[in-house]
Amino acid sequence: MSFQVLALETSCDENAAAVVADGRTIRASVVASQIEVHRRYGGVVPELAGREHLRSLAAVLQETLHDAGCSWTALDAIAVTQGPGLGGSLLVGVNAAKAIAWARGLPCLPVHHIEGHIYANWLDPARAQHGGAPPPLPAVCLVVSGGHSELLLMESHGRLTRLGGTLDDAAGEAFDKVARLLGLPFPGGPPIERTAAAARHAAGRLPRARLPGTFDFSFSGLKTAVLHRVREQPLQSPGPLARAFQEAVVDALVTKTAAAAAAYDVRTVLAAGGVAANGALRNALRERCGERLGIEVRLPPPALCTDNAAMIGAAAFYRRDALGADGLRFDLFSTSGTHSIAQPAPPTG
C-alpha cells in the first residue's frame, strides 16, 4: 500500500503543491508562477510574493487533488517547506500545511528547501534516465539556485555534510543581476543561456575566484567584472559577454564539484536547483565528472530543477521518521543559520 504525501512549496515566488506516492511517483504537480508579477521590478518583491501566495493557494490545492484523482482521505501526511526562503511566503505555506494536517488528523512534515532540491533526483522522471534505479550513495550534491550555491556530501538518507558554498552571491542571483546589466529579462538564467548559445565566441575570459584549499564559491567579483566591461565599452550585442559570463560560472561550479567528488571518492554526482537546468552546466558536469572521472552523474529533468512541491514530497518520505510526525510545533525559518540540514565538513590538513 503506497504512502501518499500532499506537499506544499512556497519558499519564494512559486506557489506549488504536489501529491507524491512512496517518495518517487508524482500523482500530480502544480506550480503557479509569479514571474510576470515580479518581472517589472527585475527581481522578486517579498511583500508581493506573500500576497500572491494567499491569492493562489486554494486554487493550486484544488487543482492538485483533482489532477491526482484523490480525496483528502487518501492522504497519509502533509509536507511543507519550512525554510529557508522569504518569511512572508513561507508563512502562507507553513500555516496552510498545519491547518490541513490538524483538520485531517495527519502528520505534518517540515522539509528543508535545499534537501528538497536534492530529492528531485529520487523522483521517477529523474530515475527513468537510469532504469528506474535510485542514485547510488555516497554522492556529492551541487545545489545551485537563485538563493543557494552549496556543495554537500550525502552519505545516506539524513546524513549530509556541508563541504562548501558561496561566500557572497548565489549563482542564480548572479545570473539575474548580470542579465539586467546586459539588458536581458528576469529571471536571468534562461535568457543568458539562449543569448550565450547564439554567440559565435565569448568576449574574452572573465575572472574566476579559485579559493584554493576550499570547496567554496564566490561570484561577486565576476558580477563586478561584467559591470566594468559594460561601462567601459557599449555593447554591440550581449551574446559574447553573456557567453563569457556563463563559461566563468560553469567553470567555477564544475571545478569545485569535480574536486569534491574525487576527494571523497563518491559513486555519484547529483545536481539540483534552478541553475542545474542550464544546458552548459549539465554538459560540463557530464564531461568532467562523468567522462573524465568515471563517476555517475544524475541530473533531474529541467522542470524538476526549479522550485516545485514534488521534490518536497520526496524528501518528506525519505526523512519521515527522522523529521518526526507528532505535532505542529515547528516554526518556519527564513535563513539557514542554525537550521542547516548538514554538518560542517571536518577541518582538512
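A salt bridge is taken here as a side-chain nitrogen of Lys or Arg within 4 Å of a carboxyl oxygen of Asp or Glu. By this criterion the structure, which is a predicted model, holds 15 salt bridges. One of these joins the side chains of Arg-55 and Glu-52, with an N to O distance of 2.6 Å; the two residues lie three apart in helix H2 (residues 46–68) and are therefore separated by about one helical turn. Arg-55 is exposed, at 59% relative accessible area, whereas Glu-52 is partly exposed, at 22%.

The salt bridge between Lys-223 and Asp-169, also with an N to O distance of 2.6 Å, links distant parts of the chain, since Lys-223 belongs to helix H8 and Asp-169, 54 residues away, to the loop between strand S8 (159–165) and helix H6. Because buried means under 20% relative accessible area, Lys-223, at 17%, counts as buried, and Asp-169 is likewise buried, at 9%. A further pair, Arg-292 and Glu-287, meets at 2.9 Å, N to O, with Arg-292 exposed at 59% and Glu-287 partly exposed at 27%. In addition, Arg-208, Arg-210, Asp-251 and Arg-288 are linked in a network of salt bridges.

The largest nonpolar core comprises 48 residues, and those with the most contacts inside it are Leu-206, Phe-219, Phe-245, Leu-253 and Leu-285. Several elements give two or more residues to this core, including strand S6 (139–144), strand S7 (149–156), helix H8 (220–232) and helix H10 (279–291), but helix H9 gives the most, with 13 residues. Beyond its neighbours within four places in sequence, Leu-285 is in contact with Leu-142, Val-254, Thr-257, Ala-271, Gly-290, Val-297 and Leu-299. A second, separate core of 31 residues includes Ala-16, Tyr-119, Ala-139 and Leu-270.

The largest pocket encloses about 1300 Å³ of space and is lined by 49 residues, of which Cys-12, Ser-145, Gly-146, Gly-147 and Asp-176 lie nearest its centre. Its lining divides into 16 nonpolar, 21 polar and 12 charged residues; helix H6 supplies the largest share, six residues, while strand S3 (25–33) and helix H7 (189–198) are among the elements that each supply at least two.

A search of the whole structure finds one cavity of 30 Å³ or more, and the largest cavity holds about 40 Å³ of space. Its lining consists of Pro-207, Arg-208, Ala-209, Ser-218, Phe-219, Leu-222, Ala-248 and Ala-252, which divide into six nonpolar residues, one polar and one charged.

Terms used: Residues are numbered from 1 along each chain as its sequence is written. This is a predicted model: local features need pLDDT of at least 70, side-chain atom pairs count only at pLDDT 80 or more; totals for chains, interfaces and linings use all residues. Side-chain values use heavy atoms; hydrogens and water are left out. On a 1 Å grid over the protein atoms alone, a cavity is a set of points where a 1.4 Å probe fits but cannot get out, and a pocket is an open set with protein on both sides within 12 Å along at least five of seven lines; lining residues have an atom within 4 Å of a point. Grid points are joined across faces, edges and corners, and a volume is the space filled by probe spheres set on the points. Helices (H or I, at least four residues) and strands (E, at least two) are DSSP runs, numbered from the N terminus. Ala, Val, Leu, Ile, Met, Phe, Trp, Tyr, Cys and Pro count as nonpolar, Asp, Glu, Lys and Arg as charged, and the others, Gly among them, as polar. A nonpolar core is a set of buried Ala, Val, Leu, Ile, Met, Phe, Trp, Tyr and Cys residues joined through side-chain atoms within 4.5 Å. Buried means under 20% relative accessible area, exposed over 50%, partly exposed in between (1.4 Å probe, protein chains only). Contact means heavy atoms within 4.5 Å.
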